[in-house]
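The following exercises concern salt bridges and their surroundings. Each task is followed by a solution in steps.

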Amino acid sequence: MNQRKAGVILSYISMGLHSVIALVYVPMLLYYLSKDQFGIYQLMGSMLSYLYLMDFGLANTTTRYLAQALSLADKQRERNIIAASHTLYTGIALLVVLVGIIFYLCVPLIYSSSLSPADLHTAKQICLILLLNIAVFIPSRIFTAVINAHERFLFGRGLGVLQTCLHPLLVWGILAWKASVINLVIVQTCTVFANILLQYLYCKIKLHTSFPLLLHKSPLFKELTGFSVFVFLHSLMDQVYSRSGQLILGAVVGVLAVTNYSIAMQVAMFAICLPVMMSSVFLPKLSASVAKQHNLTQCNDLFCKLGRLQFMLFMLLIGGFAFLGKTFLLLWIGPGYNVCYWIVLILFGGYLIDVTQNVGIPILQALKKHAFRAYIYTAMAALNIVLAIVLSKFYGEIGCAVATASCLILGSGFIINWYYWHIGIDIWTFFKNLGKLSIPILGALGIIWELFLLWPLHTSWISFIFHGSVLTVVYTSILWKFACNSYEKNLILIPLQQIISTLKKNQK
């Protein structure tokens with residue numbers, strides 16, 4: 001139990017560190033590298049990130065099956081699972097290398113019109129190094145699965161936190177010595193290799209795990225791959241929405257457009273992760289109960305409760321960026337990135353319904369009706385690629401963002417909600433709740449707008465933090481008074497009462 005608590009705490013610490021480091025990391029790269037080099041790095045990284053997904057969700061699947069075998073103390077099944085996973089990972093790694101080589105050969109054909117000969121040469125070098133990185137990384141996922149199955153979260157998450165802290169320091173050192181995007185990629189690869197080596201040593205020395213190469217029971221192949229399919233499909237569609245725009249812009253517009261879009265997407269994804277993380281805190285116990293009872297009343301209650309919370313938080317983030325976003329971008333990465341502001345707002349609009357209904361994913365899984373969602377998102381992702389290619393030619397980064405937002409609204413806002421209604425989820429009550437919430441939210445944002453007209457925002461971190469604090473206090477105060485129900489208030493009041501009670505006992 002201590003390992004689990006430590007794992008949760010370290011996961012939140014890791015996310016916090018990622019957020020803080022990102023504020024420094026991106027400006028540091030832009031300082032040492034040209035916009036063209038940064039754009040090439042993002043372009044190649046976007047393409048090869050799809051290859052990272054080609055473990056088909058096997059890491060989570062292996063963890064699940066190994067945990068079951070460990071709980072039963074079935075050593076033979078444990079060895080068979082590891083052997084089956086090892087065989088599958090080896091095959092996938094070979095497939096990834098093949099796909100990567102094909103992409104490497106196609107780089108000049110795809111990007112010859114948008115990249116100079118020197119940039120093409122750099123892109124091919126990056127491609128080879130990152131391909132080596134991925135070819136080693138995918139088979140090593142079995143080490144991560146073994147560590148998680150043994151619930152050694154303190155080591156696994158702790159190693160992740162250590163890597164998060166050390167990586168930017170190493171990058172800063174190498175770029176300060178010799179600024180080159182190739183050096184950046186080499187440092188990234190060395191960091192990954194060091195992480196893999198430490199995981200392997202931990203599995204061998206501490207967990208006494210052997211990694212047999214031969215599989216004794218072939219049915220495990222079907223079990224492992226069958227369980228992984230929808231995990232992989234969901235991850236792939238997320239990558240299509242967040243990464244395909246950069247690839248398309250690199251081919252149609254150029255690397256400067258890739259730089260702008262990748263920066264905007266990083267800001268948008270960070271904001272989107274906050275309300276989505278809220279779901280991960282509330283859902284495990286509730287979704288397990290739904291899975292057992294298949295009670296649509298409970299589904300509707302969960303859908304509305306978490307939807308309200310996520311809507312309130314996401315609207316705060318949207319309003320905050322609308323008021324403070326231009327100043328934040330100017331302070332964070334300097335002048336010349338005004339287009340990023342509009343890209344982020346467009347993406348926020350597209351993701352609004354998707355984020356607010358994020359709780360619907362585990363509900364559909366609990367009801368065993370998640371296949372339809374995967375099919376719709378696949379179709380919308382394909383449509384997104386087509387629209388992005390067309391709109392990017394005429395409107396550049398803005399057109400690409402509009403394509404993504406439009407497909408998200410069509411898929412999440414209309415088709416998926418029709419499906420929710422079709423299977424019996426009370427979607428009308430859900431939207432009535434959001435409609436009632438919208439009145440105090442818009443009122444709060446209107447008051448904040450008037451306050452900011454009286455006290456204009458200046459281009460300094462002190463002014464930014466002050467105005468951000470005022471925005472948060474005014475927004476939360478109005479919603480607390482006019483929007484929050486007893487359930488939502490108790491989420492804050494009960495923990496506060498427990499903390500105060502504990503402090504009083506300690507004083508006695």
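**Salt bridges in the predicted model**

A search of the whole structure, which is a predicted model, yields three salt bridges.

**Exercise 1.** Determine where D301 and K305 lie and classify their accessibility.

*Solution.* Step 1: the side chains of D301 and K305 form a salt bridge with an N to O distance of 3.3 Å. This value satisfies the criterion of within 4 Å. Step 2: both residues belong to helix 10 (residues 296-333), where they are four residues apart, about one turn of the helix. Step 3: the relative accessible area of D301 is 39%, and the relative accessibility of K305 is 29%. Partly exposed covers the range between under 20% and over 50%; therefore D301 is partly exposed, and K305 is likewise partly exposed.

**Exercise 2.** Identify the helices that the salt bridge of E488 and R308 links, and state whether the two residues are buried or exposed.

*Solution.* Step 1: the closest N and O atoms of E488 and R308 are 2.5 Å apart. Step 2: E488 is in helix 16 (residues 486-507) and R308 in helix 10, so the pair, 180 residues apart, links distant parts of the chain. Step 3: both E488 and R308 are buried.

**Exercise 3.** Carry out the analysis for R373 and D354.

*Solution.* Step 1: a salt bridge joins R373 to D354, with the closest N and O atoms 3.5 Å apart. Step 2: R373 is in helix 13 (residues 371-423) and D354 in helix 11 (residues 338-356); the pair is 19 residues apart and links distant parts of the chain. Step 3: R373 and D354 are both buried.

Methods: Residues are numbered from 1 along each chain as its sequence is written. This is a predicted model: local features need pLDDT of at least 70, side-chain atom pairs count only at pLDDT 80 or more; totals for chains, interfaces and linings use all residues. Side-chain values use heavy atoms; hydrogens and water are left out. Buried means under 20% relative accessible area, exposed over 50%, partly exposed in between (1.4 Å probe, protein chains only).
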